[in-house]
Amino acid sequence: MSWFKRTVKGIQTPTEMKREAPDGLWYQCPNCKKAMHTREHKNNAYTCIHCNYHEKIGSEAYFKILFDDGIYTELDANMHSGDPLNFVDTKPYKDRLRSTEKKSGLKDAARTAYGKMADLDIVITCMDFGFIGGSMGSVVGEKIARGIEYALKNKVPFLMISRSGGARMMEAGFSLMQMAKTSARLAQLAEAGIPYISLLTDPTTGGVTASYAMLGDFNISEPQALIGFAGPRVIKETIGKELPKGFQTAEFILEHGFLDFIVDRKDLKDKLASLLRMLA
């Protein structure tokens with residue numbers, strides 16, 4: 001005889017009465033694997049409440065974080081890339097552009113907008129990694145150049161938020177020309193005495209790092225961002241040596257003098273406003 005006998009059936013819920021949690025209600029941190037409410041994650045500037053991991057975000061999220069009440073005016077919103085070389089790899093470049101635009105809802109890998117940040121006028125160009133790896137093509141360079149031109153004309157500070165895998169190979173030399181064009185425009189900004197702040201986020205690499213990303217009056221970064229020109233594997237094979245621990249992280253680069261400071265995204269707006277008031 002058994003010591004325990006169930007006399008009443010366990011809880012049984014009819015299928016039609018079962019409820020599932022809506023998709024997107026919870027966010028799991030890819031770093032510490034802990035879960036949090038999606039709204040809590042968003043209110044924490046898309047950083048983990050447990051380990052402070054900075055989730056990769058795009059231009060729309062940065063604009064909402066930085067512009068007062070999320071209000072801004074976008075410049076050149078409908079500019080999109082051509083196909084000057086009739087480039088084809090696994091698919092024609094024109095088809096890749098169309099599919100990426102449809103998937104991402106973006107016209108290209110950068111957006112420029114102006115508005116108020118803590119009651120200060122500012123122009124911001126922000127890169128979107130979701131558009132062909134945030135690659136720098138002719139549209140990205142032109143949007144940055146026009147953003148700088150607007151800052152020059154209206155005498156307001158310029159903020160560049162970089163997140164990129166480098167130059168866009170599908171545009172070859174047209175892409176590489178953007179390095180010179182944007183650098184020349186930034187020189188004009190410097191001559192006019194208008195502040196330029198460069199924010200490097202994870203990842204910032206290739207020709208972007210070799211041009212406008214490292215030309216700021218202040219070069220700043222988010223924690224643990226990957227920043228470099230060539231990848232670690234290429235460097236290791238080239239010099240034939242083991243690389244130091246933490247190589248190409250924001251903290252390593254700060255220690256070696258290539259950054260001015262690292263700022264937590266939750267404090268970004270306040271830090272930028274304080275910096276700009278000091279420079280005014």
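This is a chat between a student and a tutor about a predicted model of one protein chain.

Student: Hi! To start, how many helices and strands are in the chain?
Tutor: Hello! This predicted model has 9 helices and 9 strands.

Student: And what does the C-alpha trace span along its principal axes?
Tutor: About 90 × 50 × 45 Å.

Student: OK, what share of the residues is buried?
Tutor: Of the 280 residues in the chain, 41% are buried. As for the surface, the chain exposes about 15700 Å², and carbon and sulfur atoms supply 55% of that.

Student: Cool. Which residues form a nonpolar patch on the surface?
Tutor: Leu85, Phe174 and Met177 do, and together they have about 290 Å² of accessible area. Met177 sits in helix H5, which covers residues 172-191.

Student: Why does Met177 count as exposed?
Tutor: Because its relative accessible area is 54%, and the cut-off for exposed is over 50%.

Student: New topic: charges. How many positive and negative side chains are there?
Tutor: The chain has 37 positive and 33 negative ones, and the centres of the two sets lie 7 Å apart.

Student: How many salt bridges does the structure hold?
Tutor: There are 17 salt bridges. One of them joins the side chains of Glu60 and Arg111, at 3.1 Å from N to O.

Student: Which parts does that pair tie together?
Tutor: Glu60 is in helix H2 (residues 59-66) and Arg111 is in strand S4 (residues 110-117), so the pair ties together parts that are 51 residues apart in sequence.

Student: Is Arg111 buried or exposed?
Tutor: Arg111 is buried, with a relative accessible area of 11%. Its partner Glu60 is partly exposed, at 32% relative accessibility.

Student: Back to helix H5. Which side chain does Lys181 meet in a salt bridge?
Tutor: Lys181 meets Glu142, at 2.8 Å from N to O. Lys181 is in helix H5 and Glu142 in helix H4 (residues 138-154), so to speak distant parts of the chain, 39 residues apart.

Student: Which residues are linked with those two in a network of salt bridges?
Tutor: Asp76 and Arg146 are linked in a network with Glu142 and Lys181.

Student: What about Glu149, which residue does it form a salt bridge with?
Tutor: With Arg185, and their closest N and O atoms are 3.9 Å apart. This pair also links helix H4, where Glu149 lies, with helix H5, where Arg185 lies; the two residues are 36 residues apart. Glu149 is partly exposed at 41% relative accessible area, and Arg185 is partly exposed at 26%.

Terms used: Residues numbered from 1 in each chain as written. Predicted model: local features only at pLDDT ≥ 70, side-chain atom pairs only at ≥ 80, totals over all residues. Heavy atoms only, no water. Helix = DSSP H or I, 4+ residues; strand = E, 2+ residues; numbered from the N terminus. Buried < 20%, exposed > 50% of the residue type's maximum accessible area, 1.4 Å probe, protein only. Areas by Shrake-Rupley, 256 points an atom, 1.4 Å probe, with all protein chains shown as cover. Lys, Arg positive; Asp, Glu negative; His and termini not counted. Charge placed at Lys NZ, Arg CZ, Asp CG, Glu CD. Patch = residues over 30% accessible without salt bridge, like charges linked within 9 Å, V, L, I, M, F, W, Y side chains within 5 Å. Salt bridge = Lys/Arg side-chain N within 4 Å of Asp/Glu carboxyl O.
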